[in-house]
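I opened this notebook to record what I looked up in the structure shown here. The entries run from the whole chain to single residues.

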Amino acid sequence: MERKKFSWGVVIGLALLGFSRSTGWALNKGLSFPLLSSYTESAFIKGTILALEGFIGILIPPLLGYYSDTLRSKHGRRRPFVMIGGLLAGIAVLMIYTSYALGVPLAGFALTLAVFYFSMHIYTAQFRALMPDTIESGERGKASGVITLFEWAGNLFLFGLAGFLIAKAVAETGESESIKALAQTPYLKIPFIVTSLFLIGAALFVYFIVREPKAPEIMEDESLVNYLKSIVTNRDFLKFYAAQTLWWMSFEFVAIFLYGILAFILHGSASEENVKAVTSLGLYLMALFNVTVLLGALPGGLIYDKIGRRLSIIVGGIVFALPQLWGWFIKTQTQIVIALALAGLGWGILMAASYPVIGDLLTQYEKEAFTGRYYGFFEATRSLPVLLAGTIGGAIVDLAGGNYRVLFPIGAIMVLVAMPMIWSMKKLEVGKK
């Protein structure tokens, strides 16, 4: 397969694409739950609607990733998907705002979220595959560190912007409920417009600036059935995908239900009034989490290439899990801040160390032509937890009488269960055949 020399220009281009996509996902994480709280207080209903992201993510990236591997086009294998997906996602973001502003029923608002999720996942696998397509094994750790840093900087930017606008709206309206105050001002539209511009702009930038290597000749292509079958029969891929599913489910328990967790811990229940009261705090805490993720991302990418793949992932996983074990005992805002900050450091290391794994496994198993399909499945195992966490997490909370705190220890156990799977992988380390 044709390779280019390591290019910081390519890495920055992919990092900017990651930044834009993160603003979109952050907008969803930061505002969808409180906006849905205007329709219903049920954790199960809100979690199920947000879990549509997971359902779509399970189906679309593996399929479109597979077909992008075999695409022969003067525009490349990945860039056409990036262009189409980025444009549609930018439009879908504006649809979400418009539907809420017009007061459409819950079903209509949920439909606009589904359109957004579909658009984002059109090019999820292709975005991921571009890094191993253009970066040699052995240098992917530092590339992953930079891309991960930009991705989580996108989250930080959006959460910070939304938090600032909410504070401004509260000051102007005197309304105590954050989202209600924001909805009473013209400021609610700003995060949606900014996110739309980023999504469209970054997709155009990558399409016109980033150049893909010449597509390799695939001598023995896998059928769609054989591709899916090979994942189940190859224990290294299966272990990694299973482990990633567990640690992302742990993350999504907190990410999806953060406002409910904050309202329960600080106010005793996750009523609509209490959720909206903690929205501003939740956005700032998400921003703080992303700051510490950034602090963990760069060293996480570097140690991936230095101390080994297994050990770097396990270090990140343990640092991420321990604050969640503490979460069962947390009672104050200060304790929440400390726990999320520490968890963010571990998550940054874990993300930077886990991103290059599929590319390196494909190198070891001499399947480098198939990055699209295997990163498509990589994204499916990141989306499945959204589906599971949204539905199962919401059901657990309802069964626990609205006790959102229970999600912390369950999530920690999932991460710790995943670590032995990583340690037992046979061909993870570079140079071992």
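**Entry 1: charges and conventions**

I began with the charges and found that the mean positions of the 35 positive and 27 negative charges of the chain are 4 Å apart. For this count Lys and Arg are positive and Asp and Glu negative, with His and the chain ends not counted, and the place of a charge is NZ of Lys, CZ of Arg, CG of Asp or CD of Glu.

I note that this is a predicted model, in which local features need pLDDT of at least 70 and side-chain atom pairs count only at pLDDT 80 or more, while totals for chains, interfaces and linings use all residues. Residues are numbered from 1 along each chain as its sequence is written, and side-chain values use heavy atoms, with hydrogens and water left out.

**Entry 2: the whole chain**

I looked up the secondary structure and found 18 helices and zero strands, where helices (H or I, at least four residues) and strands (E, at least two) are DSSP runs numbered from the N terminus. The radius of gyration is 21 Å, close to the 22 Å that the globule rule gives for 433 residues, so the chain is as compact as a globular protein of that length; the radius is taken over C-alpha atoms, and the rule is 2.2 Å times the number of residues to the power 0.38. Along its principal axes the C-alpha trace spans about 65 × 40 × 35 Å.

I then turned to the surface, which comes to about 15800 Å² of accessible area, with 69% of it belonging to carbon and sulfur atoms; the areas come from the Shrake-Rupley method with a 1.4 Å probe, and for residues only the protein chains shown count as cover. Of the 433 residues, 60% count as buried, a label that means under 20% relative accessible area, against over 50% for exposed and in between for partly exposed. Among contacts (heavy atoms within 4.5 Å) between residues at least 6 apart in sequence, 85% join residues at least 24 apart.

**Entry 3: the nonpolar core**

Which residues have the most contacts inside the largest nonpolar core? I found Phe116, Phe240, Trp247, Trp347, Ile358, Tyr374 and Tyr404 in that role, within a core of 130 residues. Helix H11 (residues 235–267) gives the largest share of this core, namely 20 residues. Such a core is a set of buried Ala, Val, Leu, Ile, Met, Phe, Trp, Tyr and Cys residues joined through side-chain atoms within 4.5 Å.

I followed Phe116 further: leaving aside its neighbours within four places in sequence, Phe116 is in contact with Gly24, Trp25, Asn28, Ala89, Ala92, Val93, Ile96 and Leu199.

**Entry 4: two covered helices**

Ile358 led me to helix H16 (residues 357–364), where seven of the eight residues are buried, so this helix is largely enclosed by the rest of the structure. The buried residues of H16 are Val357, Ile358, Gly359, Asp360, Leu361, Leu362 and Gln364. After H16 comes Glu366, whose phi is positive, near 55°.

Helix H6 (residues 124–134) is mostly covered, with 11 of its 11 residues buried, and I noted that charged side chains are on that list, including Arg128 and Asp133. Within H6 lies Phe127, which counts as buried at 1% relative accessibility. Leaving aside neighbours within four places in sequence, Phe127 is in contact with Leu14, Leu17, Gly18, Arg21, Ile147, Glu151 and Tyr355.

I also checked Glu379 in helix H17 (residues 371–399), which counts as buried at 5% relative accessibility. With neighbours within four places again set aside, its contacts are Gly57, Pro61, Thr124, Ala125 and Arg128.

**Entry 5: three more residues**

Is Leu16, in helix H1 (residues 8–36), buried or partly exposed? I found Leu16 partly exposed, with a relative accessible area of 33%, and, beyond neighbours within four places in sequence, in contact with Phe150, Ala202 and Phe205.

Val315 lies in helix H14 (residues 309–327) and counts as partly exposed at 32% relative accessibility. Its C-alpha is 7.4 Å from that of Gly346, 31 residues apart in sequence.

Ala352, in helix H15 (residues 333–354), is buried, with a relative accessible area of 0%. The C-alpha atoms of Ala352 and Lys142 are separated by 8.6 Å, although these residues are 210 apart along the chain.

Key
Buried < 20%, exposed > 50% of the residue type's maximum accessible area, 1.4 Å probe, protein only.
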